[in-house]
Amino acid sequence: MDKFDNRLIKKFFQNTCTPEEAAIVLEWFETLEGKKFLEHKLDTDIEKIKKTNLHLADPDLDSEKIYRSIQEDFRSADTDFSARKTFLKPLWRVAAVLLIGLVGSVFYYNMYYEKTESSSVANAELKYFETNNNQQKKLTLVDGTKIKLNSNSQIWISSDFMQDSRVVRMEGEAFFDVASNTEKPFIINTDKASIKVLGTAFNVKSGVTKEELQVAVVEGNVSVSSTGAEEDKNSVILAGGQFGFLDNGEFGVENFGVENYLSWMKGRLVFEDLSLGQVCTQLSRIYEIDCKVMNESISDLKLSTNVSSVSSLEKVLSVISLSLDISYKKNSNQVLWFDKKIIESKRVEPKDVKRENE
């Protein structure tokens, strides 16, 4: 299969192929190249299962249900089903062996995920939600809790949600506006920590930065505990206006610029009398870059400004540079800040260049 036909593979796992296109993909799966592709994808998604414990979030997922769904799609097609029945055997093999492993794939996402901009989990079978690049998703749980997923994020709703507890699992970034319920705390599990609240609003970022977990609390109180062996566990309680992060098993707390960690939702960064060092720290987390102040003379410069169009890091850097009259250099995933005066004082004059060449 040529490279441009990779779109058919994507359509196959999205369950949007025509029967004819599905037949082409299935035939390719029988080739050496296709088998290598399936082996690699299966290995990748099995690791994802181990990492996220998705099988615990949805124990009802089984191959028979998937297979019946595929069969129904084939039978409902306009073309003659009997002409394609020879493909059901390899299709079943792929469905039974591969699709159960591919719980993180777009095919599973298509079966268990509503594509509307906003959806309710009340009275629904949906338990798994994810977002792709440049996509955000709003959810409203049966208890009234509102969640907004940032791009490239995943969340799993426990099958017994609201029966005995309110437990979800997430990876990526999401904002939670939790409905108050003193009898049933709301618990968010990540790979590195567990977050427990009664009713509050906060942002969580997990598994995508140098720091293992970030929690920005807008209002209320949040209890965060690290996972792992009992003797290695740590915990911290964060109040509104505080930012907590987990780094190598240890928690740190900051008390400035919490709202900036919601810039992915609000489209604006607001710096109120923050030092360049503090600004640099926030830029590192928000844009996942390595931000450094190279001259100590400018580290304590105070910045008070706001920036819109935060999707453009270059614009943010330009506004900061002009506001503080400093220079910066951006290389790949690194941003370095310099004192203009020091740079200018170290410039080599033409006469000095001449002497060096003599």
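A search of the whole structure, a predicted model, finds 8 salt bridges. The exercises below treat some of them.

**Exercise 1.** Determine where the partners of the salt bridge between Asp-191 and Arg-169 lie, and classify each by accessibility.

*Solution.*
1. The side chains of the two residues meet at 2.4 Å, N to O, and the cut-off for a salt bridge is 4 Å.
2. Asp-191 sits in the loop between strand S7 (186-189) and strand S8 (193-197), while Arg-169 belongs to strand S6 (residues 166-177). The partners are 22 residues apart, and the pair links distant parts of the chain.
3. Buried means under 20% relative accessible area, and exposed means over 50%. Asp-191 has 30% relative accessibility, so Asp-191 counts as partly exposed.
4. Arg-169 is buried because its relative accessible area is 16%.

**Exercise 2.** Find which residues are joined into one network by salt bridges that share partners.

*Solution.*
1. Start with Arg-285 and Glu-211, whose side chains form a salt bridge of 3.0 Å, N to O. Arg-285 is in helix H9 (residues 276-287), and Glu-211 is in the loop between strand S9 (201-206) and strand S10 (213-219), 74 residues apart.
2. Both Arg-285 and Glu-211 are buried.
3. Next, take Glu-254 and Arg-285, which meet in a salt bridge at 2.8 Å, N to O. Glu-254 lies in strand S14 (residues 250-254) and Arg-285 in helix H9, so this pair ties together parts 31 residues apart in sequence.
4. Glu-254 is buried, as is Arg-285.
5. Through shared partners, Glu-211, Glu-254 and Arg-285 form one network of salt bridges.

Note on methods
Residues numbered from 1 in each chain as written. Predicted model: local features only at pLDDT ≥ 70, side-chain atom pairs only at ≥ 80, totals over all residues. Heavy atoms only, no water. Helix = DSSP H or I, 4+ residues; strand = E, 2+ residues; numbered from the N terminus. Buried < 20%, exposed > 50% of the residue type's maximum accessible area, 1.4 Å probe, protein only.
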